Each structure stands twice: as C-alpha cells, then as structure tokens.
Amino acid sequence: MGTLDGSHTPSEGPNVSERTERTKTLIKSIADADAAERQASGRSDVPVGTSGNPSTQILTVANVITLCRLALTIVFLALFASGQHRTLALVCYVVAATTDFLDGQIARRTQTVSWLGKIMDPIMDRVLLFTGVLGLLIVGELPVWVPVFVIGRDVYLACGGMVLQRYRCRPVDVAYVGKAATALLMFGFCDLLLGLPQIGGLGLVDVPWLPGLNAEPSALGILFVYAGVVCSFVTAVVYTREGVRIVRGAHGQRRAAGDAR
C-alpha cells in the first residue's frame, strides 16, 4: 500500500523485485535452459560471453546486426508489396537472410554472446520467414495453404511450448529436422522471390494448388518449399510426441508422489 505522502511501503519492493527476477529466469530458461541453470547454480566454468555462459550486454555488434535484420525485413515487405522495386526488395531480403548466419558467428568469435541475442535471434528468424511468406502471398506467387501451414505450425508449437511450461521449465530440445525445415523454406522463398530458374510443371498431380508438381511451370524454389513443408510437418510430429511424453511423465511422478504419502 502507499503511505499518505504517496510513497510506497518497503513490502512492495521485494514483491516487484521477485516478480522481475522470476520473469528474467523464465525468459532465460526459454532461451537456453542449460546455460540458465548453470548460471543460477554458479556452475558456469566457461568465460562470460560464450554460448554456455551468455552475458547481459545489450549493445553488441551481433545484436545491432540482428536489429538491422528486422529493419531490412520490414523494408523488403513494403518494397515487394508495392511491386515497383522487386530487385531492391530481393536484395534486402537476401542481405537479411545472410545476416542470420553472420550475427551468430560474430557473437561466438568475439565472445559477445548475450541473453538478448539468444532471445532475439530465433524471433527474428521467424519474422524473416513470415515476411517472405506474406510477400509472396500478397503478389499471388505462393499457394495460400503454404503460409497457412507454416504460420499455423509455429503458432501450434508456441502454444504447446506454453502448455509444457506447466510440467517442465526446460523447453523441448531442438530437433535437427526443424533446422533443416527452416533452411529449406528460407532457400525456397528466396528463390521464389528471385523467380529463377523456371522449371516446367512435372505433371505429377492435377490440382491447381501444387504449382511445379502439376503441369503449371514455377520457379525451382517451390520444390524446396514443399520439402521444407514436409520437414516442418515431421518436426511438429516429433515435438508433439516429446510433449506428450513429458506430460505423461509429469503425471506419473505426481501419482507416485501421491501414493508415497
């Protein structure tokens, strides 16, 4: 409560501080549970600024590059949607996609890995991916079901991750098939944005929503997009099975603890 002079009682301070610390701990656990646990227990035996012991720095070269990637994706979408500066828009997108590799390398090589970078980097990856999807959808060069699936899968996994926080603070380990899915989709979208090389329709199916596989010609990148979609689906299945295993294990432990009483 506040006092008559408008000041706050000392009891409010610790509560706000505790909530802030809990929020920081939760964010760190989501970004890198192993590193967060080592820091919290004082077991970090590697230098500060490495992947295993991130720093609290904010203004680093790697983080500035990550923010530039966000700016470039916004500029890309505006230029590409206008339809008047497609080449410049493509340059912005390719540069943004290239910096995805660059900022991580700089952070590791200069020992400036930070918690902010660990949190921002995956978010910027999704922003870049979604921006490419939306750009292609706006100009009608991508079947509607592709962005619906890609964005819907990420929303599904994000919601699943929040549900799992009730059973285990540590997030599900990253699946390599998920990294492959992102790489395939990113390459496919870049090639679709470029529009080259064009391939004739393979004629494998007779449906209008599978360009390239039907008789309709398309850029080669559409095949990489299809491969990325398949890997994305496999990733969702892998994460779902792991999530179910975690929930069942947590329920089993609770039942065992109840029986022990």
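**Helix 6 and its surroundings in a predicted model**

Residue D191 is located in helix 6. In this predicted model, D191 is buried, its relative accessible area being 10%, which lies under the 20% limit for that class. Leaving aside residues up to four places away in sequence, the contacts of D191 are with L196, P197, A219, L220 and G221. D191 belongs to a longer set of buried residues in helix 6, which also includes G178, A181, L185, M186, G188, F189, C190, L192 and L193. The length of helix 6 agrees with expectation, because its 19 residues should span 27 Å at 1.5 Å a residue and its end C-alpha atoms are 27 Å apart. Helix 6 is followed by G195, which has a positive phi, near 80 degrees.

Helix 6 (residues 176-194) packs against helix 4 (residues 115-138), the two axes coming within 10 Å and crossing at roughly 40 degrees. The crossing of helix 4 with helix 6 is left-handed. On the side of helix 4, the contact is made by D125, R126, L128, L129, V133 and L136, and on the side of helix 6 by T182, L185, M186, F189, L192 and L193. Classified by residue type, this contact comprises 9 nonpolar, 1 polar and 2 charged residues. Among the residues of helix 6 that meet helix 4, L185, M186, F189, L192 and L193 are also listed as buried.

Helix 5 (residues 145-164) consists of 20 residues and reaches 28 Å between its first and last C-alpha atoms, close to the 28 Å expected at 1.5 Å a residue. Its buried residues are V146, P147, V150, R153, D154 and L164. Viewed down the axis of helix 5, these buried residues fall within an arc of 140 degrees, and they therefore line one face of the helix. Such a pattern can be read against helix geometry: an α-helix has 3.6 residues a turn, so residues three or four places apart point the same way. The face of helix 5 turned away from the buried side carries V148 and M162, both of them exposed.

Two further positions were examined in other helices. A35 is found in helix 1 (residues 12-41) and is buried, with a relative accessible area of 0%. Apart from residues up to four places away in sequence, A35 touches S51, G52, P54 and W115. One of these partners, P54, is 19 residues from A35 in sequence, and the C-alpha atoms of the two residues are 7.5 Å apart. L102, by contrast, lies in helix 3 (residues 86-109) and counts as partly exposed, because its relative accessibility is 38%, a value between the limits of 20% and 50%. The C-alpha atom of L102 is separated by 8.0 Å from that of A62, a residue 40 places away along the chain.

At the level of the whole chain, the model contains 7 helices and 2 strands. These elements follow the order α-α-α-α-α-α-β-β-α from the N terminus on. Of the 261 residues of the chain, 34% count as buried. Among contacts with a separation of 6 or more, 67% join residues that are 24 or more positions apart.

Definitions and conventions:
Residues numbered from 1 in each chain as written. Predicted model: local features only at pLDDT ≥ 70, side-chain atom pairs only at ≥ 80, totals over all residues. Heavy atoms only, no water. Helix = DSSP H or I, 4+ residues; strand = E, 2+ residues; numbered from the N terminus. Buried < 20%, exposed > 50% of the residue type's maximum accessible area, 1.4 Å probe, protein only. Contact = heavy atoms within 4.5 Å. Expected span 1.5 Å × (residues − 1). Arc of directions from axis to C-beta. Axes fitted to C-alpha atoms, helices over the stretch in contact; angles between N-to-C directions. Left-handed = near helix turned anticlockwise from the far one by under 90°. Nonpolar A, V, L, I, M, F, W, Y, C, P; charged D, E, K, R; others polar.
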